Amino acid sequence: MTPTVITVTPSPAVDATYAVAGLRPGDSHRVPAPVYRAGGKGINVARVAHQLGFPTLAIATAGGPAGEQFARDLESPGMPHRLVNVGSQTRRTVTIVDTVRDETSIFNEEGPALTPEEWLSLDGAVGESLNGRWLQEGSQAGVLVGAGSLPFGAPETFYPSLVDRAHRTGVPVIIDTSGQGILSAARAGADLLKPNNHELIEATGETDLASAAWQLIGLGARRVLLSAGADGMAIFDADAPGSYLRAALPAPLRGNPTGAGDAAVAAAAVAFSQGLTGAEDILRRATAWSAAAVLMPVAGEISPRHLELAEELVVSRH
């Protein structure tokens, strides 16, 4: 049976990415037509894995005219997906890439609330996929990824319930979210959490990143994959207390960092689905894929240079 990367995105979005040759606040700008993509963290994770030829299934909600646009865009690359129809409008995000200053600004609409019945439908779609429904013939669930912020009024138990449901079927779980969701997923025993440095500090209240990561391990998480922008990534492992691994390129890359974290999650998810659970293996692949995403104009894609970048990484133990 071929393992499949299953992603769950409870609050997806239609992403619009604009390229601006010098952003001047308060001024008018003439810009090329934006790139519109079905987005959201879990969607981007699935896109990257699908781009590289790994079996995927993206589960998400969709509603309103924006939801119809979202669904059409998922059809174009032929990426397997299962959409749960909801009454509220799928949100939109706007990314502005200043190509002169090499800066990226992101405007995220808040996710619309779902009804209790819609949450049950989303939960049901996850359960069916873990049991093999919606997967390609000859495939089985290899890893479950819960990614993104939760919409207003979401049950606090949503991400912990994903962890519990997947573990009962023997499937590892990766959670990439923010706020209290990180803490609750850690308590549920997530196999890997993927915060960035800002999310980690906000969730734990710790100013020291290593102490904050170990706090999540202490709550019950098995591993923490921490991204810190140009400073690279670090991985903390419950089986190796007292030290952690860090990986970085010799010099930072210029580009659009919007989907870098999602590419790192895709790398970890593919590794888990293939049974590659060694901390250094995950860290090397995640850092290289994350860097390769910076070289692409939109989130959900990585450059073929990811293999070359993997060879350039400097990995150290701390």
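**View 1. V97 and its bridge partner in the β6–β7 hairpin.** In this predicted model, V97 has T104 of β7 as its bridge partner. Another pair to look for is T93, whose partner in β7 is N108. Zooming out a little, strand β6 covers residues 91-98 and strand β7 covers residues 103-108. The two strands run antiparallel and are joined by 6 bridges. Between them sit 4 residues, and in this hairpin D102 takes a positive phi near 60°.

**View 2. The open sheet that holds the hairpin.** Here you can follow 4 strands in the order β3-β2-β6-β7. The sheet is open and its pairing is mixed. Strands β3 (35-39) and β7 stand at the edges with a single partner strand each, so one side of each has no neighbour in the sheet. From one strand to the next, the twist averages 20°. As a reminder for reading this view, strands of a sheet pair through backbone hydrogen bonds, either parallel or antiparallel.

**View 3. Helix α2 lying across the sheet.** Helix α2, made of residues 64-75, lies across three of the strands you have just met: β2 (13-20), β3 and β6. Use β3 as your guide to the angle: helix α2 runs at about 90° to β3.

**View 4. Helices α6 and α7 crossing.** Two packed helices are described by the angle between their axes and the distance between the axes. For helix α6 (residues 197-204) and helix α7 (residues 209-219), the axes come within 10 Å and cross at roughly 65°. The crossing of α6 and α7 is left-handed. On the α6 side, look for N197, L200, I201 and T204, which meet L209, A212, A213, Q215 and L216 of α7. The contact of α6 with α7 is made up of 6 nonpolar and 3 polar residues, with no charged ones.

**View 5. The largest cavity.** The model has 2 cavities of 30 Å³ or more, and this view shows the largest, with about 80 Å³ of space. Its lining has 14 residues, and those nearest the centre are P10, P12, T61, T90 and P112. What classes of residue line the largest cavity? Its lining has 7 nonpolar, 6 polar and 1 charged residues.

**View 6. The second largest cavity.** About 40 Å³ of space lies inside the second largest cavity. To find the second largest cavity, start from T4, then bring up P55, T56 and L57, together with P80. W134, L135, Q136 and S139 also belong to its lining. By class, the lining of the second largest cavity has 5 nonpolar and 4 polar residues, and no charged ones.

**View 7. The second largest pocket, with helix α5 in its lining.** The second largest pocket holds about 270 Å³ of space. Which residues line the second largest pocket? They are S149, L150, A154, P155, E156, T177, S178, G179, Q180, G181, S184 and E202. Helix α5 (residues 180-187) gives the largest share of this lining, with 3 residues. Sorted by class, the pocket lining has 3 nonpolar, 7 polar and 2 charged residues.

Terms used:
Residues are numbered from 1 along each chain as its sequence is written. This is a predicted model: local features need pLDDT of at least 70, side-chain atom pairs count only at pLDDT 80 or more; totals for chains, interfaces and linings use all residues. Side-chain values use heavy atoms; hydrogens and water are left out. Two strands pair if DSSP finds at least two bridges between them. On a 1 Å grid over the protein atoms alone, a cavity is a set of points where a 1.4 Å probe fits but cannot get out, and a pocket is an open set with protein on both sides within 12 Å along at least five of seven lines; lining residues have an atom within 4 Å of a point. Grid points are joined across faces, edges and corners, and a volume is the space filled by probe spheres set on the points. Ala, Val, Leu, Ile, Met, Phe, Trp, Tyr, Cys and Pro count as nonpolar, Asp, Glu, Lys and Arg as charged, and the others, Gly among them, as polar. Axes are lines fitted to C-alpha atoms, for helices over the stretch in contact, and angles run from 0 to 180 degrees between N-to-C directions. A crossing is left-handed if the near helix is turned anticlockwise from the far one by less than a right angle, and right-handed if clockwise. Contact means heavy atoms within 4.5 Å.
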